[in-house]
Amino acid sequence: MSYDVTFEKVIEAQSRLISHLPPTPLRHYPSLDRCIGHGITAWVKHENHHPTNAFKVRNALSALSALDEPARTRGVIAATRGNHGQGVAWAGRLMDIPVTICVPKGNNPEKNEAMVDLGAELIVSGRDYDAAVQVAEALVTERGLTMVHSTNNADIIA
């Protein structure tokens, strides 16, 4: 699958996110440089400073903030094992967009609880992530929801 993600689309995404998600810190640790060796300097981007402790909240907010009003009203759906779902749930709560998250059976209970606490409807179905995606895709048609795929989405890529 190919997406037309231009530099302008990246700048548009940045402008939609900046007021909600300030830049995360970028830090240098000399002891890490010594461990790596070879004169390499490493910089660590602390994405754990986001509201859900993961960069995927940025992806989700980009996708949800790009939706038109009818799609926002109908709601969104995603399949996840955790971080993507938490990001979608957080962005949905922020933007007052109904969120449904599909997770496989046996998924991490703390991740499930976090998504529910952020306001998502949680559907537990399927043996693995791929099966959860199939459940989500069926609900796109059944409920008229917009799929927010964790990687196959131009606004997330931007």
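**Exercise 1. The edge strand and its partner**

Which residue stands opposite Val-124 in S5? Place the answer within the sheet of this predicted model.

*Solution.*

Step 1. Val-124 belongs to strand S5, which covers residues 121–124. The residue standing opposite Val-124 is Val-103.

Step 2. The strand on the other side of this pairing is S4 (residues 99–103), which runs parallel to S5 and is joined to S5 by 4 bridges.

Step 3. The contacts of Val-124 agree with this placement. Beyond its neighbours within four places in sequence, Val-124 touches Val-103, Pro-104 and Lys-105.

Step 4. Val-124 has a relative accessible area of 42%, so the residue is classed as partly exposed, given that the partly exposed class lies between 20% and 50%.

Step 5. A further distance can be recorded for this residue: the C-alpha atoms of Val-124 and Asn-112 are 9.1 Å apart, with the two positions 12 residues apart in sequence numbering.

**Exercise 2. The order of the sheet**

Determine the strand order of the open sheet, and state which strands stand at its edges.

*Solution.*

Step 1. The sheet has 4 strands in the order S5-S4-S3-S6, and the pairing is parallel.

Step 2. The edges are held by S5 and by strand S6 (146–147); each has a single partner strand, so one side of each lacks a neighbour in the sheet.

Step 3. Helix H5 (residues 83–95) packs on the sheet and touches strand S3 (76–79) as well as S4. The direction of H5 makes about 170 degrees with that of S4.

Step 4. Within the sheet, S3 and S4 are linked by 4 bridges in the parallel sense. One position in this pairing is Ile-77, whose bridge partner in S4 is Thr-100.

Step 5. The side chains of S3 can now be assigned to two faces. Val-76 and Ala-78 point one way, while Ile-77 and Ala-79 point the other way; all of them are buried.

**Exercise 3. Salt bridges**

How many salt bridges does the structure hold? Describe the pairs formed by Arg-143, Glu-47 and Asp-128.

*Solution.*

Step 1. The total is 4 salt bridges. Side chains of opposite charge can pair when their charged atoms come close.

Step 2. Arg-143 pairs with Glu-121, with 2.9 Å between the closest N and O atoms. Arg-143 is in helix H7 (residues 129–143) and Glu-121 is in strand S5, so this pair ties together parts that are 22 residues apart in sequence. Arg-143 is partly exposed at 36% relative accessibility, and Glu-121 is also partly exposed, at 36%.

Step 3. Glu-47 pairs with Lys-45, the closest N and O atoms being 4.0 Å apart. Glu-47 counts as buried because its relative accessibility is 13%, and the buried class ends at 20%. Lys-45, at 41%, is partly exposed.

Step 4. Asp-128 and Arg-127 meet through their side chains at 3.8 Å, N to O. Asp-128 is partly exposed at 25% relative accessibility, whereas Arg-127 is exposed at 70%.

Step 5. Shared partners join Lys-45, Glu-47 and Arg-58 into one network of salt bridges.

**Exercise 4. Positive phi angles**

Where are Asn-53 and Asp-96 placed, and are they buried or exposed?

*Solution.*

Step 1. Asn-53 has a phi near 65 degrees, a positive value in a residue other than glycine. Asn-53 is located in the loop between strand S2 (43–45) and helix H3 (56–65). With a relative accessibility of 54%, Asn-53 counts as exposed.

Step 2. Asp-96 has a phi near 60 degrees, again positive in a residue other than glycine. Asp-96 occupies the loop between H5 and S4. At 71% relative accessibility, Asp-96 counts as exposed.

**Exercise 5. A nonpolar surface patch**

Which residues make the nonpolar surface patch of about 290 Å²? Examine Ile-36 as one of its members.

*Solution.*

Step 1. The patch is made by Tyr-29, Leu-32, Ile-36 and Ile-40.

Step 2. Ile-36 is part of helix H2, which covers residues 30–36.

Step 3. The relative accessibility of Ile-36 is 35%, so Ile-36 counts as partly exposed. This value satisfies the requirement that patch residues have over 30% relative accessible area.

Note on methods: Residues are numbered from 1 along each chain as its sequence is written. This is a predicted model: local features need pLDDT of at least 70, side-chain atom pairs count only at pLDDT 80 or more; totals for chains, interfaces and linings use all residues. Side-chain values use heavy atoms; hydrogens and water are left out. Buried means under 20% relative accessible area, exposed over 50%, partly exposed in between (1.4 Å probe, protein chains only). Contact means heavy atoms within 4.5 Å. Two strands pair if DSSP finds at least two bridges between them. Axes are lines fitted to C-alpha atoms, for helices over the stretch in contact, and angles run from 0 to 180 degrees between N-to-C directions. Patches are made of residues with over 30% relative accessible area and no salt bridge: like charges are joined within 9 Å, nonpolar side chains (Val, Leu, Ile, Met, Phe, Trp, Tyr) within 5 Å. Accessible areas come from the Shrake-Rupley method with a 1.4 Å probe; for residues, only the protein chains shown count as cover.
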